[in-house]
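This short report looks at how a ligand is held and how helices are arranged. Please keep the sequence and the 3D view open while reading.

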Amino acid sequence: MSFVDDLREKAAKKMKTIVLPEAADERMLKAAGQICANGIASIILLGNAETISENLGTLGLSTENLTVIDPELSTYRLEFSRHYFESRKHKGMTESEAEKIMGDPLFFGAMLVQKGMADGMVAGAVNSTGNVLRAGFQIVGTAAGSNIVSSCFVMVKPEWEFGENGMIVFGDCAVNPQPNAEQLAEIAIDTASTARALCGFEPKVAMLSYSTLGSGSGDDVDKVIEATRLVKEKAPNLMVDGPLQLDAALVPSVGSSKAPDSPVAGQANVVIFPDLDAGNIGYKLVQRLANAEAVGPVLQGMAKGVNDLSRGCSADDIVNVVAITALQCK
Ligand code: ACO
């Protein structure tokens, strides 16, 4: 069974409720139809009920098994606005601002999750990553013990001879522009956990750099050295090494020549990029040039299941991220 079919099947067994706030987008409606037809999750669509029903009809989809809530008209709006105002008034939020913001499906959807009326939320087909993340940060917040939310992609190409079972997990490709050493260490540990949970393999984590174990020097290399030290300190059982160049991390012959004593070089299945420029460009290069499937971004470190999409996503990508979100829900 393929990786994504496995995700969908596992999600179906949990039957979580996922809110999709961008119901005006055709891909979201197609994905919702596919999710309901295959029993992957229960779906709540946010928006005008009449318009959604019309658009579903045009696509030949029924409203059966779909819940539609209009944030503009919802009886929850007042309660949600009060909750949001109370939690943000120390930041200067006023009651009228809070009420206006709760008309925004992203914030309303995040509040459905926070209140336990939905298990998770998936958005970002229309909204920017920044907007989806801000709704998540402000309303759902970070998980206990987490300092930052970050992300990873499971890059899948079954015929790959690198990584494990045709998969390599890339972090962080979507959230933190310039992580410091402490943040990079947390990203590595969280990405390893996500890889273990979703891919089912024991992570071997390469902390990427333009230097392999001292072949080059500079502030950026020092950051990766310090982050690797912190990962080893905080997660002593995790297989991690760095700094490693990408070829030394993935290619056995290069790994054994450049880092012969490394437990990870040449066999990494999780790679951690030093910053968001590298991570975001890196995953898109592999997706487009190697024609690999990019499953994600998967957010990690959020208190509840909130996930972002790339605006270039397909309906199929949305179904995959909904399945992952369902699997992340407790
Ligand atoms: N983890 C947890 N909380 C965070 C994080 C984080 N990584 N970043 C910001 N926050 C918190 C802030 O502390 C703040 O909390 P507060 O309001 O309670 O004080 C809140 O989130 C909002 O902070 P802002 O200042 O509004 O947000 P900021 O300007 O820091 O932006 C953001 C955060 C949106 C994640 C920004 O770093 C960003 O835009 N990142 C890049 C996103 C992106 O464009 N990715 C590439 C495209 S994605 C793709 O291709 C798949």
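A polar contact is a pair of N or O atoms within 3.5 Å. The model shown here is predicted, and the distances below should be read with that in mind.

## Around the ligand

The ligand is surrounded by 19 residues, and the closest of them are Arg88, Lys91, Val149, Ala174 and Asn176. Arginine 134 places a polar side-chain atom 3.0 Å from an oxygen atom of the ligand, while a polar side-chain atom of arginine 88 lies 2.8 Å from an oxygen atom of the ligand. With alanine 174 the partner is a polar backbone atom, which is 2.8 Å from a nitrogen atom of the ligand.

## Where two helices meet

Helix α8, covering residues 181-199, packs against helix α9, residues 219-234, at an angle of about 50°, and their axes are 8 Å apart. This angle is why α8 is described as oblique to α9, and the crossing of α8 past α9 is right-handed.

On the α8 side the contact is made by Ala181, Glu182, Leu184, Ala185, Ala188 and Ile189, which meet Lys223, Val224, Glu226, Ala227, Leu230, Val231 and Lys234 in α9. Sorted by character, the residues of this contact comprise 9 nonpolar, no polar and 4 charged.

## The two ends of helix α3

At the N-terminal end of helix α3, residues 49-58, asparagine 48 acts as a cap, with a side-chain oxygen 3.1 Å from the backbone nitrogen of glutamate 50. After α3 comes glycine 60, whose phi is positive, near 75°.

Terms used
Residues are numbered from 1 along each chain as its sequence is written. This is a predicted model: local features need pLDDT of at least 70, side-chain atom pairs count only at pLDDT 80 or more; totals for chains, interfaces and linings use all residues. Side-chain values use heavy atoms; hydrogens and water are left out. Axes are lines fitted to C-alpha atoms, for helices over the stretch in contact, and angles run from 0 to 180 degrees between N-to-C directions. Helices (H or I, at least four residues) and strands (E, at least two) are DSSP runs, numbered from the N terminus. Angles under 35 degrees count as roughly parallel, over 145 as roughly antiparallel, 65 to 115 as roughly perpendicular and the rest as oblique. A crossing is left-handed if the near helix is turned anticlockwise from the far one by less than a right angle, and right-handed if clockwise. Contact means heavy atoms within 4.5 Å. Ala, Val, Leu, Ile, Met, Phe, Trp, Tyr, Cys and Pro count as nonpolar, Asp, Glu, Lys and Arg as charged, and the others, Gly among them, as polar. A residue is near a molecule or strand if one of its heavy atoms lies within 4 Å of it. A polar contact is a pair of N or O atoms within 3.5 Å; within protein, one must be able to donate a hydrogen and the other to accept it, and residues adjacent in sequence count only if both atoms are side-chain atoms.
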